[in-house]
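Dear colleague,

Please find below the structure that I am handing over to you. My notes on what was found in it follow.

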Amino acid sequence: MKTCWFVFHCTCLFLLLVPPLSLCSSGAEVVTVDVHAAKDLLHSGYRYLDVRTEEEFEKGHVVDALNIPYMFITPEGKVKNPKFMEQVRSACNKEDRLVVGCQSGVRSVYATTDLLNADFKNACNMGGGYIEWVKNGFAVKKPEPDTEL
């Protein structure tokens, strides 16, 4: 049993150190940080860019997050937001320091890659996404419960 846990933890550590798509064909290297490092970055002046859908965002999000969906869910499946970079450029400057997150850390890798390719040099991916953020008990903003009876 101890061997299984050791292999599991080593695998998790490997996945954190070598994230998927960390070196993209464009040459942009995506830096992935864990939620603890992301929290520290946010306290040091980074801005949180949440690339989940609006519906996911409305259910709960990192406090003071900016929501610009990277993908939309359509009847045909998930489709990349064709205006993603245009929307980011209207809300952020290329010099802004950004932590990019999604639900589990996959879409945010793609979004961070796009940002780096568009000369947003201070963008990093948050590994584990919102799920890991919540799992660690970090502050979130959730909708107010409906008090009408």
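Of the 149 residues of the protein, 37% count as buried, where buried means under 20% relative accessible area, exposed over 50%, and partly exposed in between (1.4 Å probe, protein chains only). This is a predicted model, in which local features need pLDDT of at least 70 and side-chain atom pairs count only at pLDDT 80 or more, while totals for chains, interfaces and linings use all residues. Residues are numbered from 1 along each chain as its sequence is written, and side-chain values use heavy atoms, with hydrogens and water left out.

Overall description

The protein has six helices and nine strands; helices (H or I, at least four residues) and strands (E, at least two) are DSSP runs, numbered from the N terminus. About 9,300 Å² of the protein is exposed, and carbon and sulfur atoms supply 58% of that area (Shrake-Rupley method with a 1.4 Å probe; for residues, only the protein chains shown count as cover). Among contacts (heavy atoms within 4.5 Å) between residues at least 6 apart in sequence, 62% join residues at least 24 apart.

Helix α5

Helix α5 spans residues 107-117. Nine of its 11 residues are buried, so α5 is largely enclosed by the rest of the structure. The buried residues are R107, S108, V109, A111, T112, T113, D114, L115 and L116.

S108 has a relative accessible area of 0%. Leaving aside residues up to four places away in sequence, S108 touches V51, V100, G101, C102, N125 and M126. A polar atom of the S108 side chain also lies 3.5 Å from the backbone oxygen of G105.

T113, in the same helix, counts as buried at 9% relative accessibility. Its C-alpha is 7.5 Å from that of E29, although T113 and E29 are 84 residues apart in sequence. After α5 comes D119, with a positive phi near 70°.

A contact to α5 from the loop after β2

T53 is found in the loop between β2 and α3 (54-59). With a relative accessible area of 4%, T53 is buried. Not counting residues up to four places away in sequence, T53 touches N67, P69, M71, I73 and R107; R107 is one of the buried residues of α5.

The second largest pocket and α2

The second largest pocket holds about 200 Å³ of space. For pockets, a 1 Å grid is laid over the protein atoms alone: a pocket is an open set of points with protein on both sides within 12 Å along at least five of seven lines, and lining residues have an atom within 4 Å of a point. The volume is the space filled by probe spheres set on the points, which are joined across faces, edges and corners.

The lining consists of K39, L42, H43, Y46, R47, Y48, V62, V63, D64, W133 and A139. By class, seven of these are nonpolar, one is polar and three are charged (Ala, Val, Leu, Ile, Met, Phe, Trp, Tyr, Cys and Pro count as nonpolar, Asp, Glu, Lys and Arg as charged, and the others, Gly among them, as polar). Both α2 (35-43) and β2 (47-50) supply at least two lining residues, and α2 gives the most, with three.

At the N-terminal end of α2, D34 acts as a cap, with a side-chain oxygen 3.1 Å from the backbone nitrogen of H36. Just after α2, G45 takes a positive phi of about 115°.

With kind regards

Terms used. Polar contact = N/O pair within 3.5 Å; in protein donor to acceptor, adjacent residues only side chain to side chain. 1 Å grid on protein atoms, 1.4 Å probe; cavity = no way out; pocket = protein on both sides within 12 Å on 5 of 7 lines; lining within 4 Å.
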